[in-house]
Amino acid sequence: MKTIYLLFSLILLSSISEGRITEGGWDSGGGSGFAAEFTSLGRDLAAKVESLKGFPATGTQFLDIVQKTKVEFTDTNLGKEGVKRFPEKQLLQISRKLWKGSENTLVSKQLIVLHQYLLLLGLDDSDSYLSYFVLDGGAAVSTYECSTRLLGGDTVSIRWIDVDNDGKGDQYTGTVIIKTAFIWSNVALINTFQTELGVAINWIEIGGGAYVLLPTKDLASQKSFKAKINTIDDYRDDGTPLIKATGMLSCKPIKR
C-alpha cells in the first residue's frame, strides 16, 4: 500500500513538473491565491484517494476533475453552503468568507475540497461521509453526532472506523463542527487517547478548547449514549488541561 501511495505521489509530482496540470483556479476578483491553494490541496488529496481500498473513485479520476475544474473565489453571497457548482461549465465558485472561516485548520480546508470535487464526480457525499472516509483512511463502522450548547452550538462528529479493513471498528476519530447562522466551518480533532475511564478526545479552538470522554471503546452496537464534555481554559506545562466547565453531550447514531 505504501509503495502504491509513493508511486502515485511521484507520478503527480512528475505531472506537475512537466506542466500537465491545467491552469484552473484563480480568484475572480483580486488574486488572493485562495483558488491556487484550493486546487493544490485537491492534487495532494488525489494521492490519498488512490491509496484507499473500496473507494468509488480512483486517484486518477479525482485528479482529472481537479485539473478540469476552474475554481473562482468571490465575495458574492452563495447561500448557506457558501458554494455553487456548475458541472456543465466545469466551474466551482467558493465564498471567500467560507474559506477564511476555515483558515485555522488544514482538515477544515481538506473537507471542503474533498466534498466539492467528490460531488462534481457525481458521488453521493451526504454528510461528507466519503470525505471523512478519505481523511480517516478507513470506513466508518459507526458515526455519531453529539450536540450541546456548552460550546456555543458546536456539534461533535465521532466516528468509529475500520483502519485495517477487517470489517470491524478499531479506532476513534472525530471532528468538531461549529455552526452559525451564516457559515459553517470545521475544527480538527487534535488528539485521541485511552484513559482509565474510557477513550478521550480533545481539540483546540480560538477561545480555548474542549475535552470529551467517551463511555466505551467499542460503539459498534449503534446505541445512543451520553458523553461528558469539559471546556478547556488553558493547559499546564505537562499538557494537562485546566477545566473551565462541565456538561453532557447527547450522542445519537447516524444511520446510512
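This tour goes through a predicted model, stop by stop, with a selection to make at each one.

**Whole chain**

Start with everything shown as cartoon. The protein has six helices and 12 strands. Now colour by burial. Of the 256 residues, 47% are buried. Contacts are next. Take those in the protein with a separation of 6 or more: residues 24 or more positions apart account for 46% of them.

**The three-stranded sheet**

Select residues 70-74, 83-86 and 91-95. The first range is β1 and the second is β2; the third is β3. Together they form an open sheet of three strands, in the order β1-β3-β2, with mixed pairing. Which strands stand at the edges? They are β1 and β2. Each has a single partner strand, so one side of each is left without a neighbour in the sheet. Look along the strands. Direction ignored, neighbouring strands here are turned by 15° against each other on average.

Strands of a sheet pair through backbone hydrogen bonds, either parallel or antiparallel. Zoom in on β1 and β3. Their pairing is parallel and runs over five bridges. Show valine 71 as sticks. Opposite valine 71 stands leucine 92 in β3.

**Helix α5 on the sheet**

Keep the sheet on screen and add residues 106-120, which are helix α5. Helix α5 packs on the sheet and touches β1, β2 and β3. The direction of α5 makes about 25° with that of β2.

**Where α3 meets α5**

Add residues 59-68, helix α3. Two packed helices are described by the angle between their axes and the distance between the axes. The axes of α3 and α5 come within 10 Å and cross at roughly 95°. Angles of 65 to 115 degrees count as roughly perpendicular, and α3 and α5 are therefore roughly perpendicular to each other.

Show the side chains at the contact. From α3, pick Phe62, Ile65 and Val66. From α5, pick Leu114, Tyr117, Leu118 and Leu120. What classes of residue make the contact of α3 with α5? Seven are nonpolar, with no polar and no charged residues.

**The disulfide**

Last stop: select cysteine 146 and cysteine 251. A disulfide joins them, with S to S at 2.1 Å. A search of the whole structure finds one disulfide. The torsion about its S-S bond is about 115°, so the disulfide is right-handed. Extend the selection to residues 139-147 and 241-253. Cysteine 146 lies in the former, strand β4, and cysteine 251 in the latter, strand β12, so the pair ties together parts that are 105 residues apart in sequence. Are these cysteines buried or exposed? Cysteine 146 and cysteine 251 are both buried.

Technical notes
Residues numbered from 1 in each chain as written. Predicted model: local features only at pLDDT ≥ 70, side-chain atom pairs only at ≥ 80, totals over all residues. Heavy atoms only, no water. Axes fitted to C-alpha atoms, helices over the stretch in contact; angles between N-to-C directions. Helix = DSSP H or I, 4+ residues; strand = E, 2+ residues; numbered from the N terminus. Parallel < 35°, antiparallel > 145°, perpendicular 65-115°, else oblique. Contact = heavy atoms within 4.5 Å. Nonpolar A, V, L, I, M, F, W, Y, C, P; charged D, E, K, R; others polar. Disulfide = S-S within 2.5 Å. Buried < 20%, exposed > 50% of the residue type's maximum accessible area, 1.4 Å probe, protein only. Pairing = 2+ DSSP bridges.
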